Amino acid sequence: MSDILIVDDERDIRELISEILIDEGFETRLAANSEEAMAEVNSSPPALMVLDIWLKDSKMDGIDILMTVKRSNPDIPIVIISGHGNVEIAVAAIKQGAYDFIEKPFNIDRLMVVISRAMEASKLRRENLALRRRDVTAAAMVGESGPYRGMCAQLEKVTQSNARIMFTGPPGAGKEMAARHVHQNSDRARAPFVSVSAATIEPERMEEVLFGRESTERGIEPGLLEQAHGGVVYLDEVADMPLGTQSKILRVLVEQQFLRVGGADKVRVDLRFMSATSRDLGVLVRESQFRQELFDRLSVVPIKVPGLEDRREDIPLLAEYFIDELHRTQGLPRKELTEAARTHLQTMRWPGNVRQLRNVIERTLILGEPGKPIDLRDLQTDTPETEDLDGAQLVLSGALTALPLREAREMFEREYLLAQIQRFGGNISRTASFVGMERSALHRKLKTLGVNTARLTEIKA
């Protein structure tokens, strides 16, 4: 992006500046009044503007244009020029966001120095923002199971499109991570990724947070949508968005513009929307708690993110990834997982999914015995009968002690074998190999225990 928009009512001046800039390798566009200037900005924002303050036969003067452009395109550096310059005008221009002020007749060398510095400052600011985003939002995708690979195949199909995506799945499954993966591999990777958690924003503040606000006391306060201009807005738990806000988001999807709270001028944005929910939006639509039209527009491409219950094969891989990540980011010890620990992780219940697994690994690294690998005893919880998001419960039932030995043994065998089958993603051959049985013997045992082997074949598929 190296085109410069020159706005001046004197044809000789704007053509002179244009010729000089073209000689220096820039592309230029010319405008003689505010109408032409705003038309150029709205068609394609320039890299920089050279703007005269006094414009004859124009609806807006240079300060008005400066304020309007800065509201919708705050990243465009603007150099003000004027033949009637004074300190007051210069101060007013800088206060409204101008990069610098040059008085006519200007020195060509000074003009080029100012333009070069403004372009470089703008470039550095964009690069710094991109670097910070990459540092904070690196989306590591980890897994080898069938459901995980199926999800990744869908993600790859949508990375290069601008389609809106609706991610569904249980809490903590990694829906935002999947959205960040799409963003980082798309044409918008260098632009912002702004996450909006509808569940954590107070309903009465939702519109100010999203759209920003304007007031005479505090001026312009950009909202999250404005901050995401050119990039992606991720609406997390979109089902919790108030109905009034839903209608305004729908308008943004259609028009790509909105009004700040208290504002009169529309803000133009270029956004890709991704959203996520752990609830059944179809039910909410039928109950009139979610707008049908908004649902239709947000879920152009629905993608299901599987929970750990559906991808138990990936649990050891995820645990090892979190060990490395926590060592790198927090300085926690890097430890190996014993085979008993790996098996135990795969046979635990994870109602909090990937988020819960990371919490358990972090706690284990903090509290574990230094210098020793993570073993089965390190993963035991104080309250094994409680399913919560911080601990984890074994799949094996706690009711075993209330049964006679024969019935308890049958229950144990049934739940143990089901846990191992889940662990291996429904693969009977791998389960038989692990538990030390012939495949045919395992099928007979499952039949004796009342387990539907046909259903297990469906799970594997």
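Let me start at Phe193, which in this predicted model stands opposite Val232 in strand E10. The two strands concerned, E7 and E10, run parallel and are joined by five bridges. If you follow the pairing outwards from there, you find an open sheet of five strands, with parallel pairing, in the order E7-E10-E13-E6-E14. E7 and strand E14, which covers residues 301-304, stand at the edges of that sheet, and each has a single partner strand, so one side of each is left without a neighbour in the sheet. As for the twist, neighbouring strands of this sheet are turned by 20 degrees against each other on average, with direction ignored.

Now to the packing. The largest nonpolar core has 31 residues, and within it Leu225, Ile249 and Phe273 are the residues with the most contacts. Among the elements that give two or more residues to this core are two strands we have just met, E7 (193-197) and E10 (232-236), and with them come helices H8 (206-211), H10 (243-255), H11 (281-286) and H12 (292-298). Taking Ile249 as an example, and leaving aside residues up to four places away in sequence, we see that Ile249 touches Leu210, Phe211, Leu225, Leu235, Met241 and Leu294. There is also a second, separate core, this one of 22 residues, which includes Leu5, Val7, Met38 and Ala93.

I would next like to turn to a charged residue. Is Arg260 buried or exposed? Arg260 lies in the loop between strand E11 (257-259) and strand E12 (266-268), and its relative accessibility is 2%, so Arg260 counts as buried, the cut-off for that being under 20%. The side chain of Arg260 makes a polar contact, at 2.7 Å, with the side chain of Glu226. Beyond Glu226, and again not counting residues up to four places away in sequence, Arg260 touches Arg71, Phe211, Gly212, Arg213, Glu214, Ile220 and Val267. Phe211 therefore appears in both of the contact lists I have read out, that of Ile249 and that of Arg260.

Finally, helix H17, which spans residues 428-435, where Ile428, Thr431 and Ala432 are buried. Why can we say that these buried residues line one face of the helix? Seen down the axis of H17, they fall within an arc of 100 degrees, and that is why they can be assigned to one face. The N-terminal end of H17 is capped by Asn427, with a side-chain oxygen lying 3.1 Å from the backbone nitrogen of Ser429, while just after the helix Gly436 takes a positive phi of about 80 degrees.

Key:
Residues numbered from 1 in each chain as written. Predicted model: local features only at pLDDT ≥ 70, side-chain atom pairs only at ≥ 80, totals over all residues. Heavy atoms only, no water. Helix = DSSP H or I, 4+ residues; strand = E, 2+ residues; numbered from the N terminus. Buried < 20%, exposed > 50% of the residue type's maximum accessible area, 1.4 Å probe, protein only. Polar contact = N/O pair within 3.5 Å; in protein donor to acceptor, adjacent residues only side chain to side chain. Contact = heavy atoms within 4.5 Å. Arc of directions from axis to C-beta. Core = buried A, V, L, I, M, F, W, Y, C linked by side-chain atoms within 4.5 Å. Pairing = 2+ DSSP bridges. Axes fitted to C-alpha atoms, helices over the stretch in contact; angles between N-to-C directions.
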